[in-house]
Amino acid sequence: MSRKAAETAPETDFFEDAACQGADTSVFFPVSDTYADEAKAICATCPVAEQCLEYAVATHQSDGVWGGMTALERHRLVRRRQRIAREERERESGTAA
């Protein structure tokens with residue numbers, strides 16, 4: 001791993017405190033979002049769900065339930081964050097002109 005990659009890699013220490021420790025990993029990779037309830041229930045009790053979600057977003061996890069969100073929900077979250085950031089930039093540039 002390059003030095004730059006090591007410096008920018010998201011922290012994973014939070015995994016040690018995750019509620020999913022010891023759980024069957026297949027629960028977190030359901031065949032469809034319809035079957036994600038069991039994983040989401042575990043995530044709902046997790047003290048590090050937010051860090052898990054941010055890790056999944058930062059590392060572009062394309063499958064599974066991370067931090068209580070399915071891949072589709074994470075995609076929507078990223079799009080929403082992008083839209084908000086774009087609107088803020090437009091607002092800032094509009095007031096600066």
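In the predicted model, the sulfur of Cys46 lies 6.1 Å from the closest cysteine sulfur, that of Cys20, which is too far for a bond. Cys46 is buried, because its relative accessible area is 16%, under the 20% limit for that class. A comparable situation holds for Cys52: the closest cysteine sulfur belongs to Cys43, at 6.1 Å, and is therefore too far away for a bond. Cys52 likewise counts as buried, because its relative accessibility is 15%. Since a disulfide requires two cysteine sulfur atoms within 2.5 Å, neither separation of 6.1 Å qualifies. A search of the whole structure returns zero disulfides.

The secondary structure of the chain consists of four helices and zero strands, so that the order of elements from the N terminus is α-α-α-α under the run-based assignment used. Of the 97 residues, 23% count as buried. The chain exposes about 7100 Å², of which carbon and sulfur atoms supply 51%. Among contacts between residues at least 6 apart in sequence, 50% join residues at least 24 apart.

Helix 3 spans residues 49–58 and contains Cys52 among its buried residues, together with Ala49, Leu53, Tyr55, Ala56 and Val57. In an α-helix there are 3.6 residues a turn, so residues three or four places apart point the same way. Just after helix 3, His60 adopts a positive phi of about 55°.

Helix 4 covers residues 71–96 and includes Ala71. Ala71 is classed as partly exposed because its relative accessibility is 26%. The C-alpha atoms of Ala71 and His60 are 9.4 Å apart, with the two residues eleven places apart in sequence. When residues up to four places away in sequence are not counted, Ala71 touches Ser62, Asp63 and Gly64.

Arg74 is also located in helix 4. Arg74 is buried yet has no salt bridge, and the nearest side chain of opposite charge, that of Asp63, is 6.8 Å away. A salt bridge requires a side-chain nitrogen and a carboxyl oxygen within 4 Å. With residues up to four places away in sequence not counted, Arg74 touches Leu53 and Ala56, both of which are buried residues of helix 3. The other contacts of Arg74 under that condition are Gln61, Ser62, Asp63, Gly64, Val65, Trp66 and Met69. Ser62, Asp63 and Gly64 are thus touched by Ala71 and by Arg74.

Definitions and conventions: Residues numbered from 1 in each chain as written. Predicted model: local features only at pLDDT ≥ 70, side-chain atom pairs only at ≥ 80, totals over all residues. Heavy atoms only, no water. Buried < 20%, exposed > 50% of the residue type's maximum accessible area, 1.4 Å probe, protein only. Helix = DSSP H or I, 4+ residues; strand = E, 2+ residues; numbered from the N terminus. Contact = heavy atoms within 4.5 Å. Lys, Arg positive; Asp, Glu negative; His and termini not counted. Areas by Shrake-Rupley, 256 points an atom, 1.4 Å probe, with all protein chains shown as cover.
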